[in-house]
Amino acid sequence: MRAQVIDVDYISSKETNVVRLYCKNEAGESICLSVPGFEPYFYARNSNNVNPTTLKRKFYQIKKIEDVERYLPLGYQREPSKLLKITVQHPKQVPEIRDEVKELVGEVFETDILFKNRYLVDKNIKGMGWINLHPSIADYTGQDATDHKSKSNCKFNILGHAEPVNYLANASFKFLSLDIECLPPEDGMPEPSKDPVIIISLAFDPPFNGKKSIVLTAKSASLQSQPEQTEPLNTTEMLGNEVKMLNRFSNIVKEYDPDFIAGYNSNSFDFPYLIDRTAALEINLPLGRDDRGSVYYKNFGIITKVTITGRVAADALPLIKREFSLKQYPLEFTAKQLLNDEKLDMKPEEMRRIWLSANESIAKLVEYSRKDAQLALAFFLKLKLLDKYIALSRTSGMLLQDIIDSGQSQMIEMLLLRAFLLEKRVMPPKPELEEDAATDANDETDSKDDDGEEELKGGEVLPPKKGLLENIVILDYKSLYPTIMIAHNLCYTTQIMDNDPVIASIDQKDIIITPSGARFVSPSVKKGILPQILENLLSKRDEAKKAMKAASTDDEKRILDALQYALKILLNSFYGYSGYRRARIFSLEIANSVTGYGRENLLRTKDVILNEIKTIPYKDFVIPLSVAYGDTDSTFVMLLDFANLTIEDAEIIGKSITAKINERLPKPMELQYESFAKRAVFMAKKRYAIWVFEKSDEGWKDKIKVKGMETVRRDWCDLTSKTLSRCLEIVLKEGNMEKAKNLVTSTIDALRKFDYSDKSMLKDLFLTKKLSKRNYKSKQPHLIVAEKIFRRSGTRLHIGDRIPFVIISAKGKLFADKAEDPDYAVEHKLKLDTDYYVDKQILPPIKRLFDGIEIEIKDLKADKANRTLFEFHGDEIVVSEPILRPAKSSPNNEQKNLFSFGN
DNA sequence: CTTGGGACCTAA
DNA sequence: TGAGTTAGGTCCCAAG
Ligand SMILES: Nc1ccn([C@H]2C[C@H](O)[C@@H](COP(=O)(O)OP(=O)(O)OP(=O)(O)O)O2)c(=O)n1
C-alpha cells in the first residue's frame with residue numbers, strides 16, 4: 001500500500017526509537033506507520049587521535065563508533081577524510097555529548113539535525129511525498145516487543161518500515177477551520193487564566209456528517225432570529241458549559257480526522273489561547289493524531305509555531321502576509337480584497353453584553369463567529385494557499401508544517417543535506433554567532449589593515465535616462481544568479497581554498513578564476529553539488545511556468561505563478577545562503593563571485609548592445625539601439641527611429657538582440673525578451689512606469705507597470721497612489737499633460753473640501769506603516785498611534801502589525817505627533833491636515849513626475865524651455881500652460897510628433 | 001538652517 | 001528547532 005507523508009514525529013523508550021509517519025492513503029484514510037530501530041548519529045574529525053574505544057567508554061550514550069571516509073563541507077577535495085561516525089541510542093543524546101566530543105576529539109558535523117529530518121534524509125523520504133508501506137504488524141496496537149503502548153488516532157496503525165516511491169498525485173485532504181470567541185473582559189484583552197472561551201466555530205471541507213459548519217457554544221441560550229438557511233448544513237450545538245464545549249471540539253477533531261487545521265491568526269491567538277485555557281482549567285484537549293493527541297505551541301522570537309502532531313496547523317494570516325502586499329491584514333480587509341466577502345461586525349462590548357444577558361438570542365454572535373471560521377477556510381479553498389507549500393515540501397523534502405513555518409534556510413539546508421549525503425560529504429552545525437555580528441560585519445574603525453573587504457557587494461544598477469521615453473524593449477536574464485552559479489560551477493565543493501596545496505594538482509585550464517578573484521575547479525574536474533541542485537530546481541520552475549501558460553483560468557494561473565515565483569526565490573536563496581553569516585557553510589567567495597559575474601554581465605550586455613550590435617536592420621529600416629536603464633539582470637533597450645513599426649516587430653527585434661547576446665554566453669545563462677514598452681518614464685533608479693504590451697490568448701494586452709513609485713508603496717495614502725497612477729496612465733497612454741494637470745487640480749479641490757461624510761475620501765487618506773520595533777531612535781507616527789490606541793482601549797498592537805493613521809491639523813507640531821488613529825479621528829471629528837495631504841502627499845510625487853517629463857520636453861522643444869508645471873503661491877497652485885497637447889485624432893501621427901526625438 | 005542617519009519599503 | 005542577499009529613494013527627526 002502507498003501513502004503520502006503528512007507529518008513525522010518520534011518516541012523513544014529505553015530500547016529503541018520509533019519514528020512515526022502520519023500519512024494519507026489513496027482512499028483518503030489516515031495511517032500511522034511506526035518505524036522502530038532508527039538511530040541518531042553524528043560525525044567527528046579525530047584531530048586529537050583519541051582512541052575510539054576510550055571515547056566510547058567515556059560516554060555511556062555512545063552505542064557505536066565507526067571509521068568512515070567523508071568529504072569535508074567546504075573546498076574542493078580530491079580524497080575524502082577519515083571521520084568517526086558516532087551513533088547514540090536516543091536523539092536527545094546527540095546534543096548532550098556533542099560539545100564534549102568536540103572538545104575532546106575535534107570538529108564535529110551534523111550534530112544539530114532534528115531526528116525526524118535525519119530519518120527523512122537518510123531514507124530519502126520527502127514531506128508530502130509518497131511511500132510504500134511494508135507492514136510487519138498490520139494492526140499495530142503497541143503490544144509488542146517495542147513496548148510502546150501507543151495507538152494513534154489514525155484509522156490504521158501499522159508497524160513496519162517505509163520506502164520512498166515516485167507518485168505525482170495528492171491524496172484527498174480534509175480541512176477543518178476554527179475560530180474561537182472569548183468572553184471580552186470589561187477592559188483590555190481576554191486572558192486565558194480568567195476569561196472563558198465561549199464559542200468555537202468549525203468549518204469543514206469536505207463536509208462532516210453532511211455539515212459544512214458547526215458552532216459550539218459554552219452555554220444554552222436562545223437562537224431566535226437565526227437565519228433560516230443555516231440548517232441543516234450549518235448547525236449550532238449548545239454544550240451548556242465551557243468544558244463540555246472543549247471536549248466536544250476535541251471529539252469532533254478526532255472523528256472528522258482533518259489533515260489541515262486552519263484559522264486566521266490562529267497561531268498567535270486561537271491555539272495559544274485554547275492551550276493556555278485548557279491548562280488553566282486543568283483539562284486535556286487532545287487534537288493531534290498521536291496517542292496523546294499532542295498539541296502545543298512554542299514562541300520563537302516574535303512568531304509562534306503551533307504543532308498538532310500528525311496534522312498541519314495552517315494559519316492563513318502569515319501566508320497571506322507573505323503572498324499579498326496589502327496595506328492592512330485584519331480579516332475584514334483581507335476577506336474583502338481577496339475573497340470579495342464580508343466579515344460580520346461585532347464590537348467586544350456587544351459580544352460581552354449578548355453573552356452575559358439572561359435571555360437575549362445569541363444568534364448574531366453565533367453567526368458572527370461562524371462567518372470567521374468560514375472565511376478562514378475560504379482562503380485555503382479559494383486561494384489554494386497551501387498548493388505552493390505542498391509543492392515546495394515535495395521538492396525540498398521538508399515536512400509541510402516546517403515549510404509553512406520557516407524560511408528559505410531550512411529548505412536549503414534540507415536540499416544540501418540530501419545532496420551531501422549522496423556524495424559522502426558532511427554538513428557542519430550552525431555557527432554560533434555573537435548577537436550583532438549577524439547584521440553588521442564591518443567594524444570599519446580598526447580592521448582596515450588585513451584581508452580586504454569582509455563584505456558582499458551586490459548587483460549593478462545603471463542610472464536611467466530620465467524622462468519620457470518611447471519604444472523600449474525589456475530584456476531580462478532568466479534566473480540570473482542561479483544560472484551564473486551553474487555556468488561557472490560555483491559551489492562549496494568546487495571552491496579552491498586559499499593556500500590549499502590541492503591547486504598544484506589541477507590543470508590551469510581547469511581552474512576558473514572569478515571576477516572577485518576566487519578560484520573554482522571546472523566541471524570536468526568535479527561538477528559542483530550546488531549546480532546540480534540548481535539545475536533540478538530550474539527545471540521544476542520551468543515546468544511550473546509552462547503549466548502556468550497552459551492554465552485555462554486566471555485562478556490556476558495565479559496559483560502556478562505563485563509556485564514558479566517561490567521556486568525562483570528558493571533558487572536565488574542558494575546564492576543568498578552562501579553569503580549568509582548564519583549559514584552552516586558561509587562562503588563570501590561564492591557569493592561575491594556570483595554578484596561579480598552578475599555586474600560584469602550587466603555591463604557587458606549593455607556594452608555589446610551599444611558598441612557591438614549598435615543597430616538592428618529590420619525590414620527597410622536600420623534601427624539604432626540605446627540602453628535606457630538596467631538593474632542587476634535587466635536591460636531596457638530603446639529602439640530609435642522606430643516609427644510605424646508594430647509590437648510584433650518590436651518582439652522580433654528584441655529577440656534578435658537576445659539571440660546575439662546569448663551566442664556569447666555560457667550555458668545555461670540566457671537573456672530573455674520580456675516585453676515591449678510603447679512609452680516609459682524613468683524617475684530614478686528602481687523607480688519607473690512603463691506602458692507595456694504583452695501577448696495573451698486574446699491578442700495584445702496593454703497595461704501600465706509601475707515599479708518603486710508611490711503607487712506601489714504601502715507607506716503612501718491611497719489618494720496619492722490613485723492620483724499618481726491616473727496621471728501616469730494619462731501621460732503614458734495619451735501624452736496629455738493638460739488632462740493630467742486637471743486631474744490633479746480637481747483632486748486637490750476635492751481634498752480641500754473634505755469632511756467626514758465623505759467615507760471614500762477618508763479611506764483614501766489613511767497612511768499605514770509597519771510597526772517593526774518598540775525602541776525607535778526618533779519619533780515615529782505609527783508607534784505614537786499604537787501607543788494612543790493602547791492607552792485608550794487596552795488593545796495591544798504587535799510588532800509586525802501595519803498601523804493605519806491619519807494626519808490631523810495641529811500647528812507647529814511634529815509630523816509624528818499629528819498622527820492619529822483613524823477611528824478616533826472620526827469619532828471626535830478631528831480636523832484633518834489638508835495642507836499636509838496636499839503638500840506632502842499629493843504634490844511631491846506628482847511634481848517629480850511632471851518635472852521629470854518636462855526636462856525631456858525641454859530637450860525636445862527648446863522654445864518652450866524653463867517652464868515649471870506648478871508654481872507655489874501659498875496654498876494656491878498655478879498651473880502652467882500645457883506642454884503637450886491632447887492627442888485627439890489618429891494617435892499614431894500625433895504621438896509621433898509629440899514623443900519622437902533623436903538622440 | 002543644513003545635514004546625516006534612521007526607518008520604511010521596494011527592486012532585483 | 002529561527003531569521004537567504006544587496007541596492008536604492010524618500011521621508012522625517014534630531015544633532016550640529
Ligand atoms: N529576491 C531576490 C530577487 C533577486 N535576486 C537576485 C538574484 C537574481 O538572479 C537577480 C535578478 O532578479 P530577478 O528578479 O530578475 O530574478 P531572476 O533573474 O532570478 O528570475 P527571472 O527569470 O524571473 O528574471 O537578483 C535575489 O538575490 N533575491
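A disulfide is a pair of cysteine sulfur atoms within 2.5 Å. By that criterion, a search of the whole structure, which is a predicted model, finds zero disulfides.

**Cysteines**

Two cysteines show why no bond is assigned to them. The sulfur of Cys-23 has its closest cysteine sulfur in Cys-32, at 8.0 Å, which is too far for a bond. For Cys-154 the closest cysteine sulfur is also in Cys-32, at 5.2 Å, and again this is too far for a bond. Cys-23 is buried, with a relative accessible area of 1%, and Cys-154 is buried as well, at 7% relative accessibility.

**Nonpolar cores**

The largest nonpolar core has 183 residues, and the members that touch the most others are Leu-21, Phe-379, Leu-416, Phe-574, Leu-639 and Ile-657. Helix H23, spanning residues 834-860, gives the most to this core, with nine residues. A second, separate core has 42 residues, among them Ile-200, Phe-249, Ile-252 and Tyr-368.

Beyond its neighbours within four places in sequence, Leu-21 is in contact with residues including Val-5, Val-8, Ile-31, Leu-33, Val-35 and Ala-162. Asp-7, Tyr-119 and Cys-32 are also among the contacts of Leu-21.

**Thr-304**

Thr-304 lies in strand E16, residues 303-308. Thr-304 is buried, with a relative accessible area of 15%. Its side chain makes a polar contact with the side chain of Asn-299, at 2.8 Å. Leaving aside neighbours within four places in sequence, the residues in contact with Thr-304 are Asn-267, Pro-272, Tyr-297, Lys-298 and Asn-299.

**DNA strand B**

Around DNA strand B there are 20 residues, of which Asp-633, Tyr-688, Ser-772, Lys-773 and Tyr-776 come nearest. Of the atoms of DNA strand B that come within 4 Å of the protein, 91% belong to sugar and phosphate. By class, the surface near the strand has 12 charged, five polar and three nonpolar residues.

Three side chains with polar atoms close to the backbone of the strand are listed below, with the group approached and the distance.

| Residue | Group on DNA strand B | Distance |
|---|---|---|
| Ser-772 | phosphate oxygen | 2.3 Å |
| Lys-773 | phosphate oxygen | 2.7 Å |
| Arg-713 | sugar or linking oxygen | 3.2 Å |

Ser-772 and Lys-773 are thus listed with a phosphate oxygen as partner, and both are also among the residues that come nearest to the strand.

Methods. Residues numbered from 1 in each chain as written. Chains lettered and ligands numbered in written order. Predicted model: local features only at pLDDT ≥ 70, side-chain atom pairs only at ≥ 80, totals over all residues. Heavy atoms only, no water. Near = heavy atom within 4 Å. Polar contact = N/O pair within 3.5 Å; in protein donor to acceptor, adjacent residues only side chain to side chain. Nonpolar A, V, L, I, M, F, W, Y, C, P; charged D, E, K, R; others polar. Buried < 20%, exposed > 50% of the residue type's maximum accessible area, 1.4 Å probe, protein only. Core = buried A, V, L, I, M, F, W, Y, C linked by side-chain atoms within 4.5 Å. Helix = DSSP H or I, 4+ residues; strand = E, 2+ residues; numbered from the N terminus. Contact = heavy atoms within 4.5 Å.
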